[in-house]
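Work through the exercises below with the model open. Each task is followed by its solution.

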Number of protein chains: 2
Amino acid sequence: MTDVKPMRADARRNYERLLEEAKRAFAEHGVEASLEDIARRAGVGIGTLYRHFPTRDALLETLLRARFDAHAERARELLAHPEPLTALQSWLAGLGDATGTFRGLVELTADALNDESSRLYESCHRMREVGSQLVERAKRAGQLREDVTAEELLLLLHAASWAGGHLPGEGGMQRLLALVFEGLRAS
Amino acid sequence: MTDVKPMRADARRNYERLLEEAKRAFAEHGVEASLEDIARRAGVGIGTLYRHFPTRDALLETLLRARFDAHAERARELLAHPEPLTALQSWLAGLGDATGTFRGLVELTADALNDESSRLYESCHRMREVGSQLVERAKRAGQLREDVTAEELLLLLHAASWAGGHLPGEGGMQRLLALVFEGLRAS
DNA sequence: TTAATATACGGAGGCGGCCTCCGATTGGCT
DNA sequence: AGCCAATCGGAGGCCGCCTCCGTATATTAA
């Protein structure tokens, strides 16, 4: 039913070169990198890029879906970790690192979580589902406030990741995340 | 020494109409609003806009400086508040609301704090100076962790403000800020 | 091998935004 | 009134987005 005709050889070649160059370009210039530039570097016309990826989001989604799925998988593994809170923090830290790879990616994923019509919504959403299991487990273990939702935590993570990207040095995100989890009030 | 020739009447009129329309446009479309559109709505040529405000930042700075100074002033007042931590939180909340007025403004101010060459650096910096006095006072009163810096707090605030802007409802920022100050661990 | 055809390619062209430059205009002063 | 410096306005060059359609080619059938 869902089987697709194999692509013509030239089409598949172009498709892959485009993805490759897109990855380079996004890593170098952020998610707003010029699509014409990507096509140029891939050695194809701009029309070809748009045929394979009708929107910028479609291109990004293709690049990111595998990554998102990997994070969902990692969350599943961490459900077996002996320390629920540590597991949660570790997962969030990994996610934070990932959203830091392309400038502007955090904005994108944060928005995708609230916009069902987004192409990225589905994979983001699936990731959140598994993530919230980690959250629930930490709550049940009495290691996390009962009144915090997975949404809020994910948003806080995105916020920390965003902030990390607006800091001169490295590792800002990790430090902020730690601060948030440790609490700010004096003991 | 610093006295400036008074502007010609038409120049002053255009200058003010531009500021007015810029405010409208930024509020409506965020800090990336079209400059040509602003000029059009103000009834002047695009050249006139660029003569008065050579860059987008110059325009934004003119709009924001007064606001920043007001926040610095408020911080000075809050130094007399009986509850140091409450004072700090209140100041941060006000600041967070302000950076939420234009879409994209948080990014701008967060970056300005780390870029001395930014036109907004000076007024941002002055604000931070007074803000850190609030932070120090809260620490001295034993109401805030000793190892948190004013920079980190300001960044966390910006992060919360950013996140608030990427949430469907209202008041997301306030909730996140509260979470951060209360701490996430279970008591 | 060749011919037929569906598939895919590529870039010209329209649009809008950024910014500069300079001839036309006008306010303010004498 | 008349002059001139200050100011105006928008044409034009550049770039990025995206669509459309004439051209080229991989594939399949003969």
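**Exercise 1. Find how chain A and chain B are related.**

Step 1. Lay chain A on chain B: a turn of 180 degrees and a shift of 0.0 Å along the axis give an RMSD of 0.1 Å. The fit is by least squares on the C-alpha atoms of residues with pLDDT of at least 70 in both copies.
Step 2. The two copies are thus related as by a two-fold rotation axis.
Step 3. Locate the axis from chain A: the C-alpha of A:Gly183 is the nearest in that chain, 1.8 Å away.

This is a predicted model; local features need pLDDT of at least 70, side-chain atom pairs count only at pLDDT 80 or more, and totals for chains, interfaces and linings use all residues. Residues are numbered from 1 along each chain as its sequence is written, while chains are lettered from A and ligands numbered from 1 in the order in which they are written.

**Exercise 2. Describe the contact between chain A and chain B.**

Step 1. Count residues: 27 come from chain A and 27 from chain B (contact: C-beta atoms, placed from the backbone, within 7 Å).
Step 2. Name the elements of chain A that give two or more residues: H6 (105-112), H8 (150-165) and H9 (172-182). Helices are DSSP runs of H or I, at least four residues, numbered from the N terminus.
Step 3. Pick the top contributor: H8(A), with 8 residues.
Step 4. Compare the sides: 100% of the interface residues of chain A are also interface residues in chain B, so the copies meet through the same surface.

**Exercise 3. Map the surface near DNA strand D.**

Step 1. Of the 22 residues around the strand, those coming nearest include A:Ala9 and B:Asn14 (near: C-beta, placed from the backbone, within 6 Å).
Step 2. H3(B) gives the most, with 4 residues.

Definitions and conventions. Two residues are in contact if their C-beta atoms, placed from the backbone, lie within 7 Å.
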